[in-house]
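Let's take a walk through this one, starting with a pocket, moving on to a helix and ending with a couple of rings.

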Amino acid sequence: MRDIYLLKFGGNALDGADGLRRLAHEVADLVEKGIAIVMVHGGGPAISAEMERLGMQPRKVAGVRVTDEAGLEVAEKVLRQINGEVVAALEEAGVRAIGLPGYFCTECERKKPYTALEDGKEVTVDLGLVGEVVSVDEQTIFDLVDERIVPVVYPIGGMAVDDKVQHLNVNADTMAAGIAAGIKCREMIAITDVPGILRDVHDPSSKIDKVTFADLDALIADGTVSGGMVPKVEACRKAVNAGARTVRMVNGRDPENIITDIIINGAPKGTLIVKE
Ligand SMILES: Nc1ncnc2c1ncn2[C@@H]1O[C@H](COP(=O)(O)OP(=O)(O)O)[C@@H](O)[C@H]1O
Ligand SMILES: [Mg+2]
């Protein structure tokens with residue numbers, strides 16, 4: 001059995017190019033010690049910025065962005081670029097890394113339309129070209145980590161339509177959890193721009209050290225957990241259910257180190273997500 005650590009980080013998680021360099025050096029030291037690492041990254045803020053620059057109007061239903069052909073094209077272009085930067089930073093730190101689109105190592109399907117409330121009315125939310133992971137080609141990932149290569153996945157999924165592959169935009173947390181489940185990772189660490197789950201989003205000292213699934217239900221129901229934290233929480237749940245021994249959220253701007261103390265010393269950082 002391989003002990004694989006899956007690191008997911010969002011577009012805002014790291015402090016710019018310096019933050020990425022720091023993370024790359026931590027990954028280099030860990031790989032040197034024989035630890036297997038898979039990375040999945042997002043790029044939400046950069047995608048939104050590029051759409052704005054192109055004058056594209058985001059269409060939202062019940063607060064969630066709908067992805068059409070043009071939006072998918074922008075997402076794909078921006079994510080590919082970020083992916084190149086992540087791989088370059090890792091290589092510069094001495095890591096052998098390979099950038100992969102999600103569709104290279106997963107099968108996805110379109111997220112089914114669901115009902116939600118908008119202005120007090122029930123509406124059907126169809127997110128368009130948005131996907132969810134249904135299966136993972138774990139052998140592709142195992143073959144890479146066995147060679148001490150770090151796969152760096154960006155969240156564009158694919159589904160077979162006739163004999164073509166339709167690409168789909170996938171939330172990076174959702175992609176990470178799908179892969180975490182497929183490879184039965186040892187630990188999933190969601191690196192984000194907050195210290196963990198906060199009781200008050202505006203107060204970093206209100207971090208919750210450990211949450212159970214029941215706690216999470218309550219935190220979502222009363223609105224404490226909202227926005228991008230919701231898919232992140234659901235991704236963590238999925239990873240726990242899939243048997244990841246540890247699942248946590250940590251701050252990518254930690255001035256000391258982001259992941260080393262956790263992986264090497266079992267340091268209690270961030271928010272730990274447990275079943276009960
Ligand atoms: N209870 C909460 N605790 C912490 N963050 C929260 C909470 N509720 C909502 N958030 C928001 O979720 C954000 C993290 O999600 P997101 O913006 O999608 O980041 P990422 O790029 O890491 O996926 C935080 O920056 C914060 O604004
Ligand atoms: Mg997010």
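Start at the second largest pocket, which has 16 residues in its lining; G10, G11, L20, I82 and E85 are the ones nearest its centre. Two elements each give two or more residues to that lining: α1 (16-32) and α3 (69-92). Keep in mind that you're looking at a predicted model. The second largest pocket comes out at about 280 Å³ in volume. As for the character of its walls, the lining splits into 8 nonpolar residues, 7 polar and 1 charged.

If you're wondering how a space like that gets found, rolling a probe the size of a water molecule over the atoms shows where empty space is left.

Now swing over to helix α6, which runs through residues 172-183. From first C-alpha to last, the 12 residues of α6 reach 16 Å, close to the 16 Å you'd expect at 1.5 Å a residue. So is α6 buried or exposed? Of its 12 residues, 10 are buried, so the rest of the structure largely encloses the helix. The buried set takes in A172, D173 and M175, then the stretch A176, A177, G178, I179, A180 and A181, and finally I183. Buried here means under 20% relative accessible area.

Last stop, the rings. What do you find if you go looking for aromatic pairs? The structure has 0 of them. Charges over rings are another matter. R2 places its charged end over the ring of F142, 4.1 Å from the ring's centre. Over at F213, R237 lies over the face of the ring, with 5.5 Å to the ring centre.

Note on methods:
Residues numbered from 1 in each chain as written. Chains lettered and ligands numbered in written order. Predicted model: local features only at pLDDT ≥ 70, side-chain atom pairs only at ≥ 80, totals over all residues. Heavy atoms only, no water. 1 Å grid on protein atoms, 1.4 Å probe; cavity = no way out; pocket = protein on both sides within 12 Å on 5 of 7 lines; lining within 4 Å. Points joined across faces, edges and corners; volume = space filled by probe spheres on them. Helix = DSSP H or I, 4+ residues; strand = E, 2+ residues; numbered from the N terminus. Nonpolar A, V, L, I, M, F, W, Y, C, P; charged D, E, K, R; others polar. Phe/Tyr/Trp six-rings, centres within 6.5 Å; stacked < 30°, edge-to-face > 60°. Lys NZ or Arg CZ within 6 Å of the ring centre and 35° of its normal. Expected span 1.5 Å × (residues − 1). Buried < 20%, exposed > 50% of the residue type's maximum accessible area, 1.4 Å probe, protein only.
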